[in-house]
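User: I would like to go through this model and ask, label by label, what each one rests on. Could you set the values against the cut-offs as we go?

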Amino acid sequence: MERQNSELYLRNCQIMMENERLRKKAQRLNQENQALLSELRRKLAAINAKRKPEFEVDMGSSSASDQMEANKRQALE
């Protein structure tokens, strides 16, 4: 009985160590993922700032359907 208890205790310690190792790895991967996501967002923002807006909504006198048609024509240009 004591032998079995010792074996289970050792196995439990191994599992806890492996769990800690995997937790740290997941934390590093999450940090890397967040950094890559931030970089991607910065690059997309820079690209969007440089290019001409495809769909501009004018809140002036034209109706919404007229504005949608104008945006479609602008996109086809």
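Analyst: The questions below take the labels in turn, and the model they concern is a predicted one.

User: What makes up the secondary structure of the chain?

Analyst: The secondary structure comes to two helices and zero strands, and helix α1 covers residues 2–50. Buried residues make up 3% of the 77 residues in the chain, while the accessible surface comes to about 7,500 Å², with 56% of that belonging to carbon and sulfur atoms.

User: Why is Arg 3 called exposed or buried?

Analyst: The relative accessibility of Arg 3 is 65%, and because the label "exposed" applies over 50%, Arg 3 counts as exposed.

User: How do you know that Glu 7 and Arg 3 form a salt bridge?

Analyst: The closest N and O atoms of Glu 7 and Arg 3 are 3.2 Å apart, and since a salt bridge asks for a side-chain nitrogen of Lys or Arg within 4 Å of a carboxyl oxygen of Asp or Glu, the pair is counted as one. Both residues lie in helix α1, four residues apart, which is about one turn of the helix. Glu 7 has a relative accessibility of 40%, and as this value falls between 20% and 50%, Glu 7 counts as partly exposed.

User: What makes Arg 21 and Glu 18 a salt bridge, and where do they lie?

Analyst: Their closest N and O atoms are 2.7 Å apart, which is within the 4 Å limit, so the pair qualifies as a salt bridge. Arg 21 and Glu 18 both lie in helix α1, three residues apart, about one turn of the helix. With relative accessibilities of 43% for Arg 21 and 35% for Glu 18, each residue counts as partly exposed.

User: Why can such side chains pair?

Analyst: Side chains of opposite charge can pair when their charged atoms come close. The structure holds four salt bridges, including one between Glu 39 and Lys 43, whose closest N and O atoms are 3.2 Å apart.

User: Why is Ile 47 placed in a surface patch, and which residues join it?

Analyst: Ile 47 has a relative accessible area of 48% and is partly exposed, and because patch residues need over 30%, Ile 47 meets that cut-off. Leu 37, Leu 40 and Leu 44 form the nonpolar patch together with Ile 47, and the four have about 340 Å² of accessible area together. Ile 47 itself lies in helix α1.

Note on methods:
Residues are numbered from 1 along each chain as its sequence is written. This is a predicted model: local features need pLDDT of at least 70, side-chain atom pairs count only at pLDDT 80 or more; totals for chains, interfaces and linings use all residues. Side-chain values use heavy atoms; hydrogens and water are left out. Buried means under 20% relative accessible area, exposed over 50%, partly exposed in between (1.4 Å probe, protein chains only). Accessible areas come from the Shrake-Rupley method with a 1.4 Å probe; for residues, only the protein chains shown count as cover. Patches are made of residues with over 30% relative accessible area and no salt bridge: like charges are joined within 9 Å, nonpolar side chains (Val, Leu, Ile, Met, Phe, Trp, Tyr) within 5 Å.
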